[in-house]
Amino acid sequence: MSSQNRRGFLRRVGAIGAGSTAAPWLLNLAAVAGADAASTGGYKALVCLFMFGGNDAYNTVLATDASSWSAYLAARNADVDPIALAAPGTRPVKNSQSFNLTLGGVLPIAPVNAQGRQFALHPQLATLADLFGQKRLAIVANVGPLAQPTTKASYVAGTATLPPQLFSHNDQQSVWQSMGAEGTQVGWGGGIADLLQGANHQPMFTSISTNGNAVWLEGRSVRPYQLGLDGAIHIGGSDGTLFNSAVVQQDMLSLMRTTRTGNAIEVDHAAVSARSIDAEAVLAGVLPAANVAPWGTVKVVEGVVDPLLMYRDPVTGVQTPNPVSQQLQAIARMISARTALGSGRQIFFVGVDGFDTHDDQNTRHASALAQLAQAMGYWDTVTRGMGVDGSVTTFTASDFGRAFASNGDGADHGWGGHHFVMGAAVKGGDVYGRFPTYGLTDGANGYGSNDQLDDGALLPAIGVDQYAATLGAWMGLTPGELLGVLPALGNWPAAQRNLGFLG
């Protein structure tokens with residue numbers, strides 16, 4: 001049997017094994033496939049860090065050459081509470097009335113291909129600046145949902161085909177994750193998982209969220225599994241009893257699996273309950289404890305948050321539990337069980353909150369980026385300690401970027417934005433894609449740059465489809481399979497479908 005036919009066969013077996021009523025012999029074939037994938041050292045995982053609210057890309061990755069900086073200050077260094085960050089080299093000023101001066105200047109970075117320009121990161125992203133210098137982190141410039149390559153001229157003329165419901169939070173979260181507006185039921189991560197779940201002994205652990213429902217994880221056959229911060233979500237008492245009775249506990253679990261009628265809601269509830277019970281039973285025996293190195297500190301007292309999961313809030317100066325790192329710790333424990341579970345391919349979704357910065361942007365954005373930076377630094381250390389940093393690629397996404405113009409103390413909805421990709425497989429230390437040019441306002445909400453629309457919102461130069469295709473190709477999908485997951489990808493020339501940031 002050819003390798004291509006074998007892979008297709010294993011995928012079909014995996015798809016059947018995902019159901020709760022598959023024949024045992026089919027489940028055993030899936031187990032063989034997963035064991036084979038796990039034993040060959042071919043494990044790979046994608047981790048999506050989704051920045052909910054619309055990250056302000058202009059204050060995350062900045063062009064600091066003279067003309068860019070001049071335009072940046074003109075757009076952002078005015079109004080009630082200027083949102084312009086301090087120039088590179090500015091020392092932090094304690095007790096300044098300007099919060100941004102207390103942070104100090106933006107942090108210079110030196111891309112391999114600087115495109116004749118200079119760049120920097122937000123002052124709270126020192127960890128990412130270090131990872132960029134170590135070539136463990138790449139920046140993908142000006143990414144956003146596109147139906148096809150789009151120019152400013154075609155946008156203004158109304159001749160371009162556009163994604164649905166631009167500038168809407170809920171819709172653009174959905175478009176980023178699924179290429180469709182709110183209500184779309186299959187995401188591109190789930191589409192990748194559909195094709196690769198045959199590499200897993202336990203297909204239910206192919207697509208995993210630590211942040212509730214996410215359409216990105218939904219496939220046509222793959223159903224996401226929601227992992228709690230403490231591990232598998234347990235039903236009943238942790239000691240296997242309910243009301244101090246093991247019999248009552250088992251009776252309850254049995255009732256949850258059964259139905260009295262053929263009512264669709266009853267049937268679905270029973271299936272979901274059975275899946276959860278089965279998943280917990282599997283994970284209970286293989287998921288390691290949280291207080292294990294490298295993802296945890298061994299001697300943490302119960303009830304106290306592990307210091308590895310803390311970040312310093314730049315507003316209060318206080319060490320605070322980082323919900324993003326807590327999610328990543330749960331994922332680390334799941335990845336550590338990959339051999340026991342027979343997992344060859346997995347995708348994970350992590351939620352990062354706090355990026356809706358219409359108001360109080362300076363403090364709110366700094367706090368959100370501080371969480372992101374600490375979490376990504378923690379994750380880099382953990383994956384290296386586990387020896388999987390070359391097998392796990394982590395990337396950011398967000399609803400949209402934000403406008404260039406200040407609205408007084410924040411920035412309104414935009415479109416394109418800059419994103420980070422991290423891991424040993426990443427060709428780091430560089431900016432991928434043409435970095436946008438900053439223009440000056442014409443006084444009527446327009447900007448004198450072909451990269452900027454009204455209020456300076458970025459017109460994406462790279463489509464989410466291209467970003468997704470590059471990640472999917474690294475996971476092992478063929479060009480034809482990628483077109484099946486990402487139909488609009490065919491609107492780009494073949495040479496432009498892989499952005500080249502992964503080896």
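**Helix H13, an internal cavity and helix H5**

Helix H13 and strand S11 (392–398) each contribute at least two residues to the lining of the second largest cavity. The model is predicted. H13 provides the largest share of that lining, with three residues. The cavity itself holds about 40 Å³ of space. In total, four cavities of 30 Å³ or more were counted.

The lining of the second largest cavity consists of Trp379, Asp380, Thr383, Asp389, Val392, Thr394, Met422 and Gly423. By character, these residues split into three nonpolar, three polar and two charged. Trp379, Val392 and Met422 count as nonpolar. Thr383, Thr394 and Gly423 count as polar. The charged members are Asp380 and Asp389.

H13 (361–386) also takes part in the surroundings of helix H5. Helix H5 spans residues 126–133. Four of its residues, Leu128, Ala129, Leu131 and Phe132, are buried, with under 20% relative accessible area. Viewed down the axis of H5, the buried residues fall within an arc of 165°, so they line one face of the helix.

The cover over these buried residues includes both helix and strand elements. H13 is one of them. Strands S3 (107–109), S4 (119–121) and S5 (137–144) are also among them. Strands S12 (417–422) and S13 (431–432) are included as well. After H5 comes lysine 135, which has a positive phi, near 65°.

Terms used
Residues are numbered from 1 along each chain as its sequence is written. This is a predicted model: local features need pLDDT of at least 70, side-chain atom pairs count only at pLDDT 80 or more; totals for chains, interfaces and linings use all residues. Side-chain values use heavy atoms; hydrogens and water are left out. Buried means under 20% relative accessible area, exposed over 50%, partly exposed in between (1.4 Å probe, protein chains only). The arc is that of the directions from the helix axis to the C-beta atoms. Contact means heavy atoms within 4.5 Å. On a 1 Å grid over the protein atoms alone, a cavity is a set of points where a 1.4 Å probe fits but cannot get out, and a pocket is an open set with protein on both sides within 12 Å along at least five of seven lines; lining residues have an atom within 4 Å of a point. Grid points are joined across faces, edges and corners, and a volume is the space filled by probe spheres set on the points.
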